[in-house]
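Could you take me through this structure feature by feature, giving the general idea first and then the case at hand?

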Amino acid sequence: MHKCCSYYSDLSITTRHNSENVGTKLEYDHNGKILTKTPCAREHGTTVALHNLFATLPVRHKEFLRNLKKEYCKLLQVLHAYCIISSGVRISCSNQLEKGRRSLLVATNGSLNLKENISCVFGPKQVCFR
């Protein structure tokens with residue numbers, strides 16, 4: 001595990017391969033070491049969850065909150081780029097607010113076609129299918 005993934009937030013990965021009967025949930029500490037490895041029920045695929053972003057760095061956390069809208073826009077741009085170029089991979093990213101309501105940011109259907117990925121990200125009216 002790359003250290004920067006877990007150092008700046010609480011990280012958990014839940015995954016299940018097609019050949020497995022049950023999934024596995026991995027929770028990491030801030031040094032990238034696995035804290036827990038528990039079997040769990042889930043569909044095939046992988047979910048990566050980050051919680052308490054920059055909680056270990058109070059100054060960076062404060063700066064992040066001060067520029068939240070700008071950082072959020074940057075995040076969406078990078079996420080959109082990954083969604084467009086990732087062919088054959090289904091991506092779904094949501095933001096869970098404090099009150100538990102979850103809003104979908106972007107989702108793709110795992111198409112191998114670049115135009116279909118663009119359509120998923122920006123809408124079907126943005127792509128001319130010929």
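What follows is a dialogue between a learner and a teacher about this predicted model.

Q: Which helices and strands does the protein have, and in what order do the elements run?

A: The usual start is to list the elements along the chain. The protein has four helices and six strands, and from the N terminus on the elements run α-β-β-β-β-α-α-β-β-α. The C-alpha atoms fill a box of roughly 50 × 45 × 30 Å when it is taken along the principal axes.

Q: How many of the 130 residues, as a percentage, are buried?

A: A residue counts as buried when its relative accessible area is under 20%. By that cut-off, buried residues make up 23% of the 130 residues in the protein.

Q: How many salt bridges are there?

A: The cut-off to keep in mind is a side-chain nitrogen of Lys or Arg within 4 Å of a carboxyl oxygen of Asp or Glu. By this rule the count comes to three salt bridges. R66 pairs with E63, with the closest N and O atoms 2.6 Å apart, E27 pairs with K25 at 3.6 Å between the closest N and O atoms, and K74 pairs with E71, where the corresponding distance is 3.9 Å.

Q: Why are R66 and E63 separated by about one helical turn?

A: Here one looks at the spacing along the helix. R66 and E63 are three residues apart in helix 2, which covers residues 58-66, and therefore they are separated by about one helical turn. The spacing of K74 and E71 can be read in the same manner, because these residues are three apart in helix 3 (residues 68-85) and so are separated by about one helical turn.

Q: Are the residues of these salt bridges buried or exposed?

A: Each residue is judged by its own relative accessible area, where over 50% counts as exposed and the range between 20% and 50% as partly exposed. R66 is exposed, with a relative accessible area of 56%, whereas its partner E63 counts as partly exposed at 33%. K74 is partly exposed, with a relative accessible area of 42%. In the remaining pair, E27 is partly exposed at 31%, and K25, which is found in strand 2 (residues 23-28), is also partly exposed, with 29% relative accessibility.

Q: How far apart are K25 and P124 in sequence and in space?

A: Sequence separation and distance in space have to be read side by side. K25 and P124 are 99 residues apart in sequence and 36 Å apart in space, C-alpha to C-alpha. Another pair to read in this manner is V22 and E43, which are 21 residues apart in sequence and 8.4 Å apart in space, again from C-alpha to C-alpha. V22 is found in the loop between strand 1 and strand 2, and at 47% relative accessibility it counts as partly exposed.

Q: Which residues have a positive phi although they are not glycine?

A: For this feature one reads the backbone angle together with the residue type. N52 has a positive phi of about 55 degrees although it is not a glycine, and F54, which is not a glycine either, has a positive phi of about 65 degrees. N52 has its place in the loop between strand 4 and helix 2, and F54 lies in that loop as well. F54 is buried, with a relative accessible area of 12%.

Q: Which residues make the nonpolar surface patch?

A: A patch is read as a group of residues together with its area. Y7, Y8, V48, L50 and L53 make a nonpolar surface patch of about 420 Å². Of these, L50 is found in strand 4, which covers residues 45-51.

Q: What is the volume of the largest pocket, and what lines it?

A: Rolling a probe the size of a water molecule over the atoms shows where empty space is left. In this model, the largest pocket has a volume of about 2,500 Å³. The elements that give two or more residues to its lining are helix 1 (3-7), strand 1 (10-16), strand 4, helix 2, helix 3, strand 5 (92-96) and strand 6 (102-107). The lining has 45 residues, of which V48, A49, L50, C93 and S94 lie nearest the centre of the pocket.

Q: How many residues in that lining are nonpolar, polar or charged?

A: The lining is sorted by residue class. For the largest pocket, 25 residues are nonpolar, 13 are polar and seven are charged.

Conventions. Residues are numbered from 1 along each chain as its sequence is written. This is a predicted model: local features need pLDDT of at least 70, side-chain atom pairs count only at pLDDT 80 or more; totals for chains, interfaces and linings use all residues. Side-chain values use heavy atoms; hydrogens and water are left out. Patches are made of residues with over 30% relative accessible area and no salt bridge: like charges are joined within 9 Å, nonpolar side chains (Val, Leu, Ile, Met, Phe, Trp, Tyr) within 5 Å. Accessible areas come from the Shrake-Rupley method with a 1.4 Å probe; for residues, only the protein chains shown count as cover. Buried means under 20% relative accessible area, exposed over 50%, partly exposed in between (1.4 Å probe, protein chains only). On a 1 Å grid over the protein atoms alone, a cavity is a set of points where a 1.4 Å probe fits but cannot get out, and a pocket is an open set with protein on both sides within 12 Å along at least five of seven lines; lining residues have an atom within 4 Å of a point. Grid points are joined across faces, edges and corners, and a volume is the space filled by probe spheres set on the points. Ala, Val, Leu, Ile, Met, Phe, Trp, Tyr, Cys and Pro count as nonpolar, Asp, Glu, Lys and Arg as charged, and the others, Gly among them, as polar.
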